[in-house]
Amino acid sequence: MFFEISMERLIVLQPKHLYTKDIHFMAVLLVELILEVNKKKCSEDNGFYVTPRTIQQIGQGRVRSMTGAVAFPVKFTCIVFKPFKNQVLQAEVKKVYRSGCFLSCGPLDDIFLHETMMEGCHFFQNEGTESACFKNEDGGYEIRAKSILRVRLIGLKWVEDQRTFKALASINGDYLGLF
């Protein structure tokens, strides 16, 4: 789910960016803010940082004596994507294996759909080809790479060393499955 949160970061601008006629101060500050948010990537509390939305306040800059760079405290709002257990998402199938499929939904790119969570589907692979898929028993549909599925997140785990979430999904239920 997408949310808007308030954040505060210390943005450091190098001296060469402070007094140029070609580049506007706000443009340089905004670029540095976007880079700072992208570097942070994700947190357990807020989810994935998507983009800064509005700058609310820019504090007075402080010059760093060793480098001459100026650090500005900046308050801003940011769009975040936070996954929740039991949330329904549309995800793209990235890889198909005998044990299940790996899916991706926006910045959440580590969703696993286990074969037991695909009721009525069985693994199928043509000999001599790389393409594998899960076929419905009725032959109604095939789940293969680049398919779009509507899934429910049944498990969610924060992985600190990778600074990301891993999720387990299911297509068992009403209005879930191939989209």
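**Exercise 1. Find which residue of β3 stands opposite Ser43, and describe how the strands around this position are paired.**

Solution. Ser43 stands opposite Gly47 in β3, where strands are DSSP runs of E with at least two residues, helices are DSSP runs of H or I with at least four residues, and both are numbered from the N terminus. The model is a predicted one, in which local features need pLDDT of at least 70 and side-chain atom pairs count only at pLDDT 80 or more, while totals for chains, interfaces and linings use all residues. Residues are numbered from 1 along each chain as its sequence is written, and side-chain values use heavy atoms, with hydrogens and water left out.

Step one is to look at the strands themselves: β2 (residues 42-43) pairs with β3 in the antiparallel sense over two bridges, and two strands count as paired if DSSP finds at least two bridges between them. Step two is the connection, which is a hairpin that leads from β2 to β3 through three residues. Step three follows β3 to another partner, since β3 and β5 are also antiparallel, with eight bridges between them, and here Thr54 stands opposite Thr77 in β5. As background, strands of a sheet pair through backbone hydrogen bonds, either parallel or antiparallel.

**Exercise 2. Determine the order of the strands in the open sheet of three strands, and say which strands stand at its edges.**

Solution. The order is β9-β10-β11, and the pairing is antiparallel. The edges are taken by β9 (121-125) and β11 (142-143), each of which has a single partner strand, so one side of each is left without a neighbour in the sheet. Turning to one of the pairings, β10 and β11 run antiparallel and are joined by two bridges, and the bridge partner of Phe134 in β11 is Ile143.

A further step is to examine Asn136, which lies in strand β10 (residues 132-136). Asn136 is buried at a relative accessible area of 15%, given that buried means under 20%, exposed over 50% and partly exposed in between, with a 1.4 Å probe and protein chains only. When neighbours within four places in sequence are left aside, Asn136 is in contact with Gly120, Cys121 and Tyr141, contact meaning heavy atoms within 4.5 Å.

**Exercise 3. Count the salt bridges, and work out where the partners of Glu4, Lys39 and Lys135 lie or how exposed they are.**

Solution. The count comes to seven salt bridges, each defined as a side-chain nitrogen of Lys or Arg within 4 Å of a carboxyl oxygen of Asp or Glu.

Begin with Glu4, whose side chain meets that of Arg53 in a salt bridge of 2.9 Å, N to O. Glu4 belongs to strand β1 (residues 2-13) and Arg53 to strand β3 (residues 47-58), so the pair ties together parts that are 49 residues apart in sequence. Glu4 is partly exposed at 43% relative accessible area, whereas Arg53 is exposed at 54%.

Continue with Lys39, which forms a salt bridge with Glu36, their closest N and O atoms being 3.6 Å apart. Both residues lie in helix α1 (residues 25-40), three residues apart, which is about one turn of the helix. Lys39 is exposed, at 65% relative accessible area, while Glu36 is partly exposed at 24%.

Finish with Lys135, whose side chain meets that of Glu142 in a salt bridge of 3.5 Å, N to O. Salt bridges that share partners join Lys135, Glu142 and Arg144 into one network. Lys135 is partly exposed, with a relative accessible area of 29%, and Glu142 is partly exposed as well, at 30%.

**Exercise 4. State how many disulfides there are, and explain the result for Cys101.**

Solution. The count is zero disulfides, a disulfide being a pair of cysteine sulfur atoms within 2.5 Å. For Cys101, the closest cysteine sulfur is in Cys121 at 8.8 Å, which is too far for a bond. Cys101 is buried, at 0% relative accessibility. Cys105 is likewise in no disulfide, and the nearest cysteine sulfur, that of Cys42, is 13 Å away. Cys105 is buried, with a relative accessible area of 13%.
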